[in-house]
Amino acid sequence: MFDSPFDFFAIVIAIVALIFARKAMNQVAALQARLEAMGPAAASATSAPPPLPPLMTFEQTPPPASPGVAAEPPPIVPDAESIAPAAPSEP
């Protein structure tokens, strides 16, 4: 009947997928029925998402820095070798 064991597993996976799809459709139908039972205000409130805020475009630039003031240089961090204590010398 099956040419290889993979054919059997493919059929089993297809059946399991159909079972889960049917359960998902039943859940969606139950949720829709609950929303309709809550009334038209609840159904309309959940049908449209709230509007998104406008995105920043390239035309919008940050305010310019004060004239004549240079940006501060980054702080100087010493190397790990200069911080670590020197190894004791052997006598």
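pLDDT is the predictor's confidence in each residue, on a scale from 0 to 100. The model on screen is predicted, and a tour of it may begin with that confidence. Colour the chain by pLDDT: the mean is 75, and 53% of the residues reach 70 or more.

**The whole chain**

Next, display the chain as a cartoon. It contains 3 helices and 0 strands, and along the sequence the pattern reads α-α-α. Among these elements, H1 has the highest mean pLDDT, at 89, while helix H2, residues 40–47, has the lowest, at 62.

Now switch on the surface. The chain exposes about 9,300 Å², and carbon and sulfur atoms supply 70% of that area. What share of the 91 residues counts as buried? The share is 2%.

**Helix H1**

Select residues 5–38, which form helix H1. The distance between the C-alpha atoms at the two ends of H1 is 50 Å. Why does this value agree with the number of residues in H1? The helix has 34 residues, and at 1.5 Å a residue it should span 50 Å, so the expected and modelled lengths agree.

Move on to glycine 39, just after H1. This glycine takes a positive phi of about 115 degrees.

**The nonpolar patch**

Return to the surface and select Phe6, Phe8, Phe9, Val12, Ile13, Val16 and Phe20. Together, these residues make a nonpolar surface patch of about 740 Å².

Within the patch, centre the view on phenylalanine 8, which is found in helix H1. Is phenylalanine 8 buried or exposed? Buried means under 20% relative accessible area and exposed means over 50%; phenylalanine 8 has 40%, so it counts as partly exposed. Phenylalanine 9, at 48% relative accessibility, therefore also counts as partly exposed.

**The aromatic pair**

Finally, show the side chains of these two residues. The structure holds 1 aromatic pair, formed by phenylalanine 8 and phenylalanine 9. The ring centres lie 5.7 Å apart, and the angle between the planes is 65 degrees. Planes over 60 degrees apart count as edge-to-face, and this pair is therefore edge-to-face.

Terms used:
Residues are numbered from 1 along each chain as its sequence is written. This is a predicted model: local features need pLDDT of at least 70, side-chain atom pairs count only at pLDDT 80 or more; totals for chains, interfaces and linings use all residues. Side-chain values use heavy atoms; hydrogens and water are left out. Helices (H or I, at least four residues) and strands (E, at least two) are DSSP runs, numbered from the N terminus. The expected span of a helix is 1.5 Å times one less than its number of residues. Buried means under 20% relative accessible area, exposed over 50%, partly exposed in between (1.4 Å probe, protein chains only). Accessible areas come from the Shrake-Rupley method with a 1.4 Å probe; for residues, only the protein chains shown count as cover. Patches are made of residues with over 30% relative accessible area and no salt bridge: like charges are joined within 9 Å, nonpolar side chains (Val, Leu, Ile, Met, Phe, Trp, Tyr) within 5 Å. A salt bridge is a side-chain nitrogen of Lys or Arg within 4 Å of a carboxyl oxygen of Asp or Glu. Rings of Phe, Tyr and Trp (its six-membered ring) pair if their centres lie within 6.5 Å; planes under 30 degrees apart count as stacked, over 60 as edge-to-face and the rest as tilted.
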